[in-house]
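Visitor: Hi, I'd like to walk through a structure with you. Can we put it on screen?

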Amino acid sequence: ILTLTITAILNLIVFHFFADRFQLIDIRDMSLFGSHIRYGILMGIGLGFCLQQIYQGSRYRNHLLVVSFFFVMYTFYSQVLSGIIAVLIVLFGLLVFILWQRKQLKLLFSSFLILILMAIGLLYYLSMPVHYPPLCMEKYAEMEQAWNVRSTLNYDGLDKRKQPIASTLERYLASKKLCPNKEGVQKLTEEDIHYIETGYADVHETYGGIQARLLDIRYQLHHATNPSGHSILERLEYWKNAWQIIEEHWMIGVGTGDVDDAMQEMYVKRNSPLTMERRLRAHNSYLTYYLTFGIFGFLFFL
């Protein structure tokens, strides 16, 4: 718990005050000591430890309450979906445990009902495309000229997330209800210019927290034409690739030494849209064990 607290504080300090020095572009780069996904899950485990100690009457109860609150706030601010899910599981598990212990079965049933309704609401929200209604006619030539005056990154180049500046700028202007022309670019603040250069394509993404992450997921699901650079779509592409290998080697798998080669060969065979540097492994333990050892190894793993 102490290690998580110290590293989380260091993450926040470096990300907010020394981001340029450490070349931290995306908020997921805030995890300085390892994978942001694993760190987010560790936050959930740390929260579980805190709550266990509090329940058992630790003499550090008050301190642990503060740390628990900090872990929850850090997780939602960091926008790591796996971490948010881990923390929500811990909090919901705590609620179920308390209600079960106190025999509050009606409240327990109500909690599960609320959870189901929230899940349905979330799925509905994610099912809606992100629309930017046109406010006025696009004037790309003068927008390009105005941008090149205000920024050191060329309009025809890429932002720091390797996305085309032109589309990042146009989406950002629309999200602020500004026209894609010279006047729209001139109304942007210096902070807005910095956000666009960094790769923020919507002003709401700059607010941080779960809202920004959900908005990013919505855009990925409905508008991204290439999965490269979009974590959710990349993950789906990894799974599709792994499953294709499983279909061809379902009996005994490809062997523990050939997972990387099999994945790369399948990417080529499927003509995957992923860029070469983003063609990674399955990012899923179940699929990895299945494609490695086949059906019998997978069942043994289960």
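Visitor: How much accessible surface does the chain have, and what share of it belongs to carbon and sulfur atoms?
Guide: One thing up front: this is a predicted model. The accessible surface comes to about 18200 Å². Carbon and sulfur atoms hold 64% of that.

Visitor: How many helices and strands are there?
Guide: The chain has 13 helices and zero strands.

Visitor: And what share of the residues is buried?
Guide: Of the 302 residues in the chain, 38% are buried.

Visitor: Let's zoom in. Which residues of H12 are buried?
Guide: Helix H12 spans residues 259-269. Its buried residues are Val259, Ala262, Met263, Met266 and Tyr267.

Visitor: Why do those residues end up on the same side of H12?
Guide: They cover an arc of only 135° around the axis, so they sit on the same side of H12.

Visitor: What do they pack against?
Guide: Two helices. The buried residues of H12 pack against H11 (231-248) and H13 (285-301).

Visitor: What about the other side of H12, buried or exposed?
Guide: Exposed, in the case of Glu265, Val268 and Lys269.

Visitor: Which residue just after H12 has a positive phi?
Guide: That is asparagine 271, with a phi of about 55°.

Visitor: New topic: charges. How many positive and negative side chains does the chain have?
Guide: There are 27 positive and 26 negative ones. The centres of the two sets lie 11 Å apart.

Visitor: Last one. What box do the C-alpha atoms fill?
Guide: Roughly 65 × 55 × 40 Å, taken along the principal axes.

Technical notes: Residues numbered from 1 in each chain as written. Predicted model: local features only at pLDDT ≥ 70, side-chain atom pairs only at ≥ 80, totals over all residues. Heavy atoms only, no water. Buried < 20%, exposed > 50% of the residue type's maximum accessible area, 1.4 Å probe, protein only. Helix = DSSP H or I, 4+ residues; strand = E, 2+ residues; numbered from the N terminus. Arc of directions from axis to C-beta. Contact = heavy atoms within 4.5 Å. Areas by Shrake-Rupley, 256 points an atom, 1.4 Å probe, with all protein chains shown as cover. Lys, Arg positive; Asp, Glu negative; His and termini not counted. Charge placed at Lys NZ, Arg CZ, Asp CG, Glu CD.
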